[in-house]
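The following exercises are intended for a reader who meets this structure for the first time. Please attempt each task before consulting its solution.

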Amino acid sequence: MFLFSLDLSRPGRRLLSAVLVFALPLSVGLWELHANYLRTLDRQSEQAATQAVQLMEVMLDHVEEANRTVAPLISHPCQSNLLTLRKQVALVPFVRTLNLIDENGIYCNSVMGKVSWQDEPDTYHEGFLRLLPGHAELSSQPMLAVRTESQHGAVLSTIDREYLKMILTLSAPHGGEVLLHVGEEWLDHLGELMGREPSLPTLANHSVQSRRYPLSIYAGLVLPSSWHSLWQVRRVTMLMLLGFSLGISLLVWWLLGRPGSMEGELKRALRAKEFVPYLQPLVAGEGGKVMGAEVLMRWQHPSSGLVRPDLFIPQAEECGVIVPMTARLMQTVAQQLAGWQDKLPDGFHIAFNISAVHCRDFSLLAQCRAFLSHFLPGQVVLVLELTERELLVADPHTLSLFRQLDELGVRLAIDDFGTGHSSLVYLQQFHVDYLKIDKSFIGRIGTESLSEHIVDNVIDLGSRLGLALIAEGVETREQAEYLKGKVTYLQGYLFGRPVPLRQFCRELAPSTPAKAPCTSLALCS
Ligand code: C2E
Ligand code: CA
Ligand code: CA
């Protein structure tokens, strides 16, 4: 719920969202890719070890078979056995030599014939297998010796390291290593014999023990870095993942940057300081001197240009954004106008339009206080214009706020007077100071006797209540002439259209060097 109420279009949050949307799928995807790659390597390594064990078992089956075949020859003289031994070596795969052992040791060798070599039965792993570094009289290369005990002695056959190398090399996975382990001895795929455990690769390592023979096969991978090797084999997938993450991140960036709801757009415009003050002069009912101004908001939209307030104020009021918008407007006007205060007539009337929703929170009081703090006492009269079309509820909270505003010296004007239904009681309850006669009545002066009559009635009502009157929408000299002496202030195109604040101030003080071309009647006179 909280997440949905977050305004993700704010620049910082928008960037954070885009970065998150980029980083999250990328890291999860890479992590899964890496884990999957490790699983594959692990499986390959296990398969390699299993395959090597199976091949070793097939080889040892043959060799053991040869051992059992010649076992009955033990105790017979070597010379009479030699032909049978050599025939077995020739016919049985993998057997390099066959040896007969009696109680005196090895007495017959298929290559050398009658020999007298020492027998070391205890050095065989589980009395069956031993990796030998070589034999002084036969070969200097390592070999695997297979011993089979029988009734009168034992048979010993040897397997050349080339067969062992071949099995280890063929089984090895890509970039991996496979080693044969018998007792304390290790043999690698290059045929190197090691008397103790070598430094084994730690990645995807697997050790598979033969169920039938006392040997095991170790398989592992020698990779500089698993990520580096992942990049080598899954480069396209990784680049696609990067592209995908970048794509959705850019999409999120674009979506969050799009004008969303009107509320979102108003908030964005507020942050971008696109709401600017325009000022329209108020002139004295007699004499025509500029005595103040009404601040009218404009939206300086980046693509649509200057937007009229009636096109966005109702929406801003609906969603409550009008409150911070007005607060910012008051702040801007205070900061800019304060620099010109020595050029302003004393008691300069400066009016803001305030929506009903703004009158429901006490922030208005603080905003008015902050506004007045920019000016010397008595330099300006701050006026809040409340439209009669949107009457306030006179509850204790609102009445208390207006009492405090009154104490602060803030004045209240009822705008568009004559178009709503404000009663006398209402005017008294809120301590209203000004009535602004709606421009629809002023516009009919001189054209319709009924409207003139209403204007006179309003003027009469105002003076009876002791309220000051402002006539808005004065466009002709005839209207101005009619109202002369009857109202406190006149406002309308006859005296000046709303202009940007700086222009207003420059026109108000024509002696300043940065004088702009004068556009308003009253200010030029
Ligand atoms: P409003 O408060 O009645 O403001 C007077 C409107 O009459 C202004 O229109 C002004 O430009 C226009 N006007 C002034 N003199 C003449 C004239 O001689 N003839 C004619 N025909 N029109 C004249 P604008 O600036 O377009 O503002 C329209 C309305 O938008 C305002 O009516 C006010 O209700 C609202 N508004 C403007 N700024 C703000 C603001 O800051 N806050 C709030 N809540 N409402 C604002
Ligand atoms: Ca107004
Ligand atoms: Ca008005």
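Three exercises follow, each with a worked solution, and they concern a predicted model.

**Exercise 1. The calcium ion (ligand 3)**

Task: Determine which residues coordinate the calcium ion (ligand 3), and where they lie in the chain.

Solution.
Step 1. The coordinating atoms come from D415 (OD), D416 (OD) and E472, the last of which contributes OE twice. The distances run from 2.1 to 2.5 Å.
Step 2. Along the chain, these donors follow the spacing D-D-x55-E. D416 belongs to strand β17 (residues 411-417) and E472 to strand β19 (residues 468-472), so that distant parts of the chain, 56 residues apart, are linked by this pair.
Step 3. Both D416 and E472 are buried.
Step 4. The calcium ion (ligand 2) is 4.3 Å from the calcium ion (ligand 3), and D415 coordinates both ions.

**Exercise 2. Q280 and ligand 1**

Task: Establish whether Q280 is buried or exposed, and describe its surroundings, including ligand 1.

Solution.
Step 1. Locate Q280 in strand β12, which spans residues 275-284.
Step 2. The relative accessible area of Q280 is 7%. Buried means under 20%; Q280 is therefore buried.
Step 3. Beyond its neighbours within four places in sequence, Q280 is in contact with several residues, among them G292, L296, Y493, G496 and F504. With G496 there is also a link from the side chain of Q280 to the backbone oxygen, at 3.1 Å.
Step 4. Ligand 1 is surrounded by 21 residues, and Q280 is listed among the closest, together with R298, D415, E475 and Y493.
Step 5. Examine the polar atoms. A polar side-chain atom of Q280 is 2.8 Å from a nitrogen atom of ligand 1. An N or O atom in the side chain of E475 lies 2.5 Å from a nitrogen atom of the ligand, while a polar side-chain atom of N353 lies 3.0 Å from one of the oxygen atoms of ligand 1.
Step 6. Ligand 1 taken alone exposes 780 Å², of which the protein buries 84%.

**Exercise 3. Strands β2 and β3**

Task: State how strand β2 is joined to strand β3, and in which direction the two run.

Solution.
Step 1. Strand β2 covers residues 105-109 and strand β3 covers residues 113-117.
Step 2. The two strands run antiparallel and are joined by 3 bridges. In one of these pairings, C108 has K114 in β3 as its bridge partner.
Step 3. The connection from β2 to β3 is a hairpin through 3 residues.

Conventions:
Residues numbered from 1 in each chain as written. Chains lettered and ligands numbered in written order. Predicted model: local features only at pLDDT ≥ 70, side-chain atom pairs only at ≥ 80, totals over all residues. Heavy atoms only, no water. Donors = N, O, S within 2.8 Å, 3.2 Å for Na, K, Ca; no water. Helix = DSSP H or I, 4+ residues; strand = E, 2+ residues; numbered from the N terminus. Buried < 20%, exposed > 50% of the residue type's maximum accessible area, 1.4 Å probe, protein only. Polar contact = N/O pair within 3.5 Å; in protein donor to acceptor, adjacent residues only side chain to side chain. Contact = heavy atoms within 4.5 Å. Near = heavy atom within 4 Å. Areas by Shrake-Rupley, 256 points an atom, 1.4 Å probe, with all protein chains shown as cover. Pairing = 2+ DSSP bridges.
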